[in-house]
Amino acid sequence: MRDSLAQLTLVRFREFFREPDAVFWTFAFPILLASGLGIAFRHRPPELLHVGVRVPAGATAAPPLLAALRGDHRLTVETIDDTAAASALRTGRIALLIVPSADTGAGGRVEYQYDEARTEARTARLIVDDAIQSTGGRRDPVAIGERLVSEPGSRYIDFVVPGLLAMNLMGSGIWGLGFSIVDARRRKLLKRLVATPMSRAEYLASFLISRLGILVLEVLLLLGFARFVFGVPMRGGVLQLTAICLVSALAFGGVGLLIATRARTTEAVNGLMNLVMLPMWIFSGVFFASSNFPAAFQPFIRALPLTAVVNALRLTMLQGAGWHAVAPEMAIAAAWAVGSFAVALRIFRWR
């Protein structure tokens with residue numbers, strides 16, 4: 001390695017660790033976010049579903065119906081009049097409204113009112129109907145059994161930690177590189193460097209190399225915290241995880257360099273970075289599965305570098321998938337790394 005590249009890389013490290021904000025957002029913020037999500041979605045008994053039984057003013061609900069519902073430990077049941085029923089459904093205070101007919105206890109009719117778009121409402125409908133039909137004398141022809149399991153890898157915290165790691169790699173790569181270059185251009189430092197024997201490739205490569213050094217710390221810190229505090233599994237190989245993180249850091253670093261090649265002010269580069277990262281925050285499946293989006297969106301979503309990194313990390317950490325499974329995702333990230341760095345090198349301007 002040439003001495004100029006080594007000195008430039010050392011400067012990048014010093015600049016980073018002298019910025020408290022950069023250190024906080026790179027190392028502390030993902031830990032705090034993982035802590036909050038891990039506590040909010042910790043392992044706990046299933047929440048009771050709140051349902052209402054509509055009772056007209058001056059009337060009483062059918063006693064057999066109330067007894068059937070209140071006997072189910074998965075439900076919290078309240079009687080509610082006509083005036084409050086619509087408001088309770090509209091505001092989400094209850095998941096399901098049960099409207100019994102006058103002769104429900106003798107084989108009458110029950111109407112369920114709920115919002116089909118709410119998952120808890122559909123669940124409540126099934127539980128309520130099972131309680132009512134069983135009390136009414138229904139007999140199931142097939143005997144069933146239950147065995148409740150709770151395995152690391154199936155919890156929300158297990159799902160979200162690979163997404164948080166990928167998001168942190170993206171943020172530190174794009175913000176760390178893009179903002180630093182534009183800030184140096186704004187302060188006329190690049191104008192001075194252009195008079196030195198240093199090439200554009202060496203200058204841009206120093207940013208990427210410094211990001212790889214910081215990458216080791218941020219990955220070990222977040223995954224170590226998730227492992228020892230929340231028991232998040234690591235079922236894949238360490239070498240494979242290292243390769244994914246390395247390629248992703250290069251991909252996001254290249255995107256950050258590309259964004260910063262022409263921007264002259266920090267305001268401009270902030271806008272460009274937000275424009276690039278916001279679609280990936282929304283579509284790439286950090287906090288919820290990207291498969292929730294319509295099929296027409298999927299080709300665009302799969303082509304995003306953050307989507308590829310999130311999928312590769314989840315396949316490795318949660319499923320223990322091998323190289324062949326993550327190869328397509330790594331190819332997408334590698335294409336972004338090579339393509340963005342090549343374009344950035346070509347259009348980069350010192351001034």
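**A walk through the sheet and the helical core**

Six bridges join strand β1 to strand β2, and the two run parallel. This pairing is a convenient place to enter the structure, which is a predicted model. Within the pairing, Val51 has Val77 as its bridge partner in β2, and Val51 also stands opposite Leu96 in β3. Strand β1, residues 49-54, pairs with β3 in the parallel sense as well, here over three bridges. Between β3 and strand β4, residues 110-113, there are four bridges, but these two strands run antiparallel, and Val99 stands opposite Glu111 of β4.

Taken together, these pairings give an open sheet of four strands in the order β2-β1-β3-β4, with mixed pairing. Strands β2 and β4 stand at the edges and have a single partner strand each, so one side of each is left without a neighbour in the sheet. From one strand to the next, the twist averages 25°. In general, strands of a sheet pair through backbone hydrogen bonds, in either a parallel or an antiparallel way.

How many residues of strand β3 are buried? Five of the five residues in this strand, which covers residues 96-100, are buried. Leu96, Ile98 and Pro100 point one way from β3, whereas Leu97 and Val99 point the other way, and all of them are buried. Two helices can be placed against these strands. Helix α4, residues 82-90, lies across β1, β2, β3 and β4 and runs at about 140° to β2. Helix α5, residues 119-135, packs on the sheet, where it touches β1, β2, β3 and β4, and its direction makes about 60° with that of β1.

Beyond the sheet, the wider protein has to be considered. Its secondary structure comes to 13 helices and four strands, and 42% of its 351 residues count as buried. Among the contacts with a separation of 6 or more, 77% are between residues 24 or more positions apart. The protein exposes about 18800 Å², and carbon and sulfur atoms supply 62% of that area.

In soluble globular proteins, nonpolar side chains tend to be buried together. The largest nonpolar core here has 63 residues, of which Leu165, Ile174, Cys245, Leu306 and Leu313 touch the most other members. Helices α2, α6, α8, α9, α10, α12 and α13 each supply at least two residues of this core, and the largest share, 14 residues, comes from α6. A second, separate core of 17 residues includes Leu66, Val77, Leu96 and Ile98.

Helix α6, residues 156-186, deserves a closer look. At 1.5 Å a residue, its 31 residues should span 45 Å, which agrees with the 43 Å between its end C-alpha atoms. This helix is mostly covered, with 24 of its 31 residues buried, and it is followed by Lys188, whose phi is positive, near 70°.

Two residues show how contacts are made in this part of the protein. Leaving aside neighbours within four places in sequence, Cys245 is in contact with Leu165, Leu169, Leu215, Val219 and Leu313. Ser248 has its place in helix α9, residues 238-260, and, not counting residues up to four places away in sequence, Ser248 touches Leu169 and Val309. Is Ser248 buried or exposed? Because its relative accessibility is 1%, Ser248 counts as buried, the cut-off for buried being under 20%.

Definitions and conventions. Residues are numbered from 1 along each chain as its sequence is written. This is a predicted model: local features need pLDDT of at least 70, side-chain atom pairs count only at pLDDT 80 or more; totals for chains, interfaces and linings use all residues. Side-chain values use heavy atoms; hydrogens and water are left out. Buried means under 20% relative accessible area, exposed over 50%, partly exposed in between (1.4 Å probe, protein chains only). Contact means heavy atoms within 4.5 Å. The expected span of a helix is 1.5 Å times one less than its number of residues. Accessible areas come from the Shrake-Rupley method with a 1.4 Å probe; for residues, only the protein chains shown count as cover. Two strands pair if DSSP finds at least two bridges between them. Axes are lines fitted to C-alpha atoms, for helices over the stretch in contact, and angles run from 0 to 180 degrees between N-to-C directions. A nonpolar core is a set of buried Ala, Val, Leu, Ile, Met, Phe, Trp, Tyr and Cys residues joined through side-chain atoms within 4.5 Å.
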